[in-house]
Amino acid sequence: MGCEQELDIGYIDALTGYLPDFMNLSYPLQYLFLFGTCFAGELPDSIANLKSLKVLRLFDCKFHGSIPTSLWDLTQITDLDLSSNNFIGILPSSISNLRNLTFLWLSDNNFTDPLFRYCSTELLILDVPNNCLTGPLLLSWDANLTKLVHLDVSNNCLTGPLLLSWDANLTKLVYLDVPNNSLIGPLPTQVFIPPKLLILSISRNLINGTIPSWVFELPALMSLDLSHNKLIGRTLEFQSSLLEIIDLSNNYLHGTVPNSTFEHRNLTHLILSSNSFSGTIPKSNRFSENLIVLQLQTNNFSGTIHDSFTGSNSLRTINLNGNGFEGPIPKSLVNCTNLEVLDLGRNKLLDNFPHWVGNLPNLQVLILRSNKFYGSILTSETEFPFPMLRVLDMSNNHFTGPLPIKYFKSFKAMMNVDEHFDLEYMGTIGYSQGYGLTFYDSLTMVIKGSTIEMTKILKVFTAIDLSRNKFQGEIPGIIGGLNSIRGLNLSHNSLTGHIPKSLGNMTKLEWLDLSSNKLTGKIPRQLTNLISLGTLNLSQNRLTGPIPRGKQFDTFSNDSYINNSALCGPPLSNTCGNPKATQPPPSTIEEEDSEPVSGFSWEVILPGYAFGLVVGLVMGYLTFSIGKPQWLVKTVESVGKRNGKRPKSNARRLGGRRN
């Protein structure tokens, strides 16, 4: 290709300002590449002088305004890319003048007209996601689009029914992507089956009715995404042996899932969550060695989880939360060495703590909440178990014994986390024939006193919830070393002793719940260092003494402290130093910020107690004789009662850049 035919100045940041006039060009330019520059303003009308132009690529610039009508006079153009600018308006019918147009890229602008009826009969690719297209999606054009391979109208404002009339027009269609619109009504039932369709995505619309049989009969289908609609009814067996991605989540589907759905040998993502599917996972099932994501949460599946996880599996996410699975956890899960998320919460599982899961080198999220687990937390034989764990939720079970000190010591991913990077979410990318779909991990957890469903999990999110069990003993001071966690919930257990002052090192804590235990002593002053703390609950304990003041502690209400009869000071009405206020017995009063005493023995403390009693009597006599010393009593300032809670602070498709 001669230099007189091509002008390529793509991604040269120094080029700014307005696009120069094309009046004086003296050679027949055929290829013009201006992508990634900083040209702004409107396209000049003089672009019509480039009569020989075949390829015009202006993506990722700063052009704005309407497209000049003169552009449509360039009848030799085969490849037009105007994506990632700020163009507006309606594309006129004169676009049909571009009879040789093969590739049309218009994504990430503000176009408002569907323009489908103007398409060239030579068109291979029509890519218009992330615009403001309105009206229905009419795939029954008068034009004979026998060559169309790729259609992407995702993330627009399309409404009305999805009118598919394939006839014989779209026999070469490979990619149909229409998610994130407002399409309504059922999918059509009488449709010619495109024999080459690989990618079908109609997610995040308002499609209702049943899934028509032609969807299951697509012979070459590799990726199907019908998630986040209002589909009802049952699923059938998929005829394609090439399936890699099946996402039917967030619908109203029910009934049993065909056994073959679990067994497609190429399957990488099976996502059936948030439906009403029932039945069991077949005993004979052996998941595909390529399976990365298995999400069956929030359904009515039952039975046992079979030992079907072989050593050659690729599983990264297993989410079975919110079903009726029973029995023990299969030990074959130890073969899932790539596993990052294991969520078995809200089932009927009956087992001891699966300490062997601590051997999984990449496990980051472990959810066992609301099952029937029991017994003491057995320690893993591994020297450093759970090296990558960031979220642990074992709440609402029947665990007993002391808190797992060894595990607290080994949770390295909850210590000293460097957060100086862009916020990222946990998930995977599923690829089919070069097209990428991003799948995010999710979890449901009690956060700041409310059950929250997190549809995305930030990679910096860390939390521990061991609440509603039967744990006993003291809270180990070592837990304060987990200085990167956002939430700690140890409530509704039988924990005793003092609140460790080392908790003051957990400066990223946003919620702390130690309520409904048997904790004694004073609230450590070090807790005022928790500058991110939005919710605090120390109620239903046996705490004593004044409530610390300052920083976040000035924001918490009575509810944070109720039913601790010997606590005093704001926000409680029980004023410290009030002689009529209930005071704790002398033997329970300890020096402020003191750690719990281990090896409690009356033989050891009785002499000290007697000495303290004598000193106390002498000080009492002096106080009543000469007045109370100023260093002994501090003035308590009342503060307004305020609620201590603070509010917590989907480009589904991963589009590839064209060359």
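Biologist: Which backbone oxygen lies 3.1 Å from a polar atom of the side chain of Asn 156?

Modeller: This is a predicted model, so local features are taken only where pLDDT is at least 70. Asn 156 lies in the loop between strand E13 (150-152) and E14. Its side chain has a polar atom 3.1 Å from a backbone oxygen, and that oxygen belongs to Val 128.

Biologist: Which backbone nitrogen does the side chain of Asn 156 reach?

Modeller: Asn 156 touches Val 128, Pro 129, Asn 130, Asn 131, Cys 132 and Leu 133, and also Asn 180 and Asn 181. One of these offers its backbone nitrogen at 3.3 Å from the Asn 156 side chain: Cys 132.

Biologist: Is Asn 156 buried or exposed?

Modeller: The cut-off for buried is under 20% relative accessible area. Asn 156 has 7% relative accessibility, so Asn 156 counts as buried.

Biologist: How many disulfides are there?

Modeller: Two cysteine sulfur atoms must lie within 2.5 Å to count. Cys 568 and Cys 576 meet this, with S to S at 2.0 Å. The count comes to one disulfide.

Biologist: What is the handedness of the link between Cys 568 and Cys 576?

Modeller: The angle about the S-S bond is 95 degrees. That makes the link of Cys 568 and Cys 576 right-handed.

Biologist: Is Cys 568 buried or exposed, and what is its relative accessible area?

Modeller: Buried means under 20% relative accessible area. Cys 576, the partner, has 23% and is partly exposed. Cys 568 falls under the cut-off and is buried, at 10%.

Biologist: Why is Cys 157 in no disulfide?

Modeller: A disulfide needs two cysteine sulfur atoms within 2.5 Å. For Cys 157 the nearest cysteine sulfur is that of Cys 132, so the limit is missed at 5.6 Å.

Biologist: What is the relative accessibility of Cys 157?

Modeller: Values between 20% and 50% count as partly exposed. Cys 157 is in that class, at 40%.

Biologist: Which residues have the most contacts inside the largest nonpolar core?

Modeller: This core has 138 residues. Strand E14 (157-164), helix H1 (213-217) and helix H2 (405-410) each supply at least two of them. The residues with the most contacts inside the core are Leu 71, Leu 80, Phe 411, Leu 482, Leu 488 and Tyr 561.

Biologist: What does Leu 488 touch?

Modeller: Residues up to four places away in sequence are not counted here. Beyond them, Leu 488 touches Ile 464, Ile 479, Leu 503, Met 506, Leu 509, Trp 511, Leu 512 and Asp 513.

Biologist: How many residues are in the other core?

Modeller: It lies apart from the largest one. Among its members are Val 341, Met 426, Met 454 and Ile 457. The core has 14 residues.

Biologist: Is Leu 443 buried or exposed?

Modeller: Leu 443 lies in strand E37 (residues 443-447). It touches Asp 343, Val 365, Val 391, Ile 452, Glu 453, Met 454 and Ile 457, not counting residues up to four places away in sequence. With a relative accessible area of 2%, Leu 443 is buried.

Biologist: What separates the C-alpha atoms of Leu 443 and Asn 319?

Modeller: Along the chain the two residues are 124 residues apart. In space, their C-alpha atoms are separated by 8.7 Å.

Biologist: Which side chains of strand E20 are buried?

Modeller: In a regular strand, side chains alternate between the two faces of the sheet. In E20 (residues 230-233), Lys 230 and Ile 232 point to one face and are not buried. The other face holds the buried pair, Leu 231 and Gly 233.

Biologist: Which residue of E22 stands opposite Gly 233?

Modeller: E20 is joined to strand E18 (residues 206-210) by three bridges, running parallel. There, Gly 209 stands opposite Leu 231. E20 also pairs in the parallel sense with strand E22 (residues 252-256), over two bridges. Opposite Gly 233 in E22 stands Leu 253.

Biologist: Which are the edge strands of the seven-strand open sheet?

Modeller: The order is E32-E34-E40-E42-E44-E46-E47, and the pairing is parallel. An edge strand pairs on one side only. Here these are strand E32 (374-376) and strand E47 (566-568).

Biologist: Which residue of E46 stands opposite Lys 522?

Modeller: Strand E44 (residues 518-522) and strand E46 (residues 542-546) pair in the parallel sense over three bridges. Opposite Lys 522 in E46 stands Thr 544.

How values were computed
Residues are numbered from 1 along each chain as its sequence is written. This is a predicted model: local features need pLDDT of at least 70, side-chain atom pairs count only at pLDDT 80 or more; totals for chains, interfaces and linings use all residues. Side-chain values use heavy atoms; hydrogens and water are left out. A nonpolar core is a set of buried Ala, Val, Leu, Ile, Met, Phe, Trp, Tyr and Cys residues joined through side-chain atoms within 4.5 Å. Buried means under 20% relative accessible area, exposed over 50%, partly exposed in between (1.4 Å probe, protein chains only). Helices (H or I, at least four residues) and strands (E, at least two) are DSSP runs, numbered from the N terminus. Contact means heavy atoms within 4.5 Å. Two strands pair if DSSP finds at least two bridges between them. A polar contact is a pair of N or O atoms within 3.5 Å; within protein, one must be able to donate a hydrogen and the other to accept it, and residues adjacent in sequence count only if both atoms are side-chain atoms.
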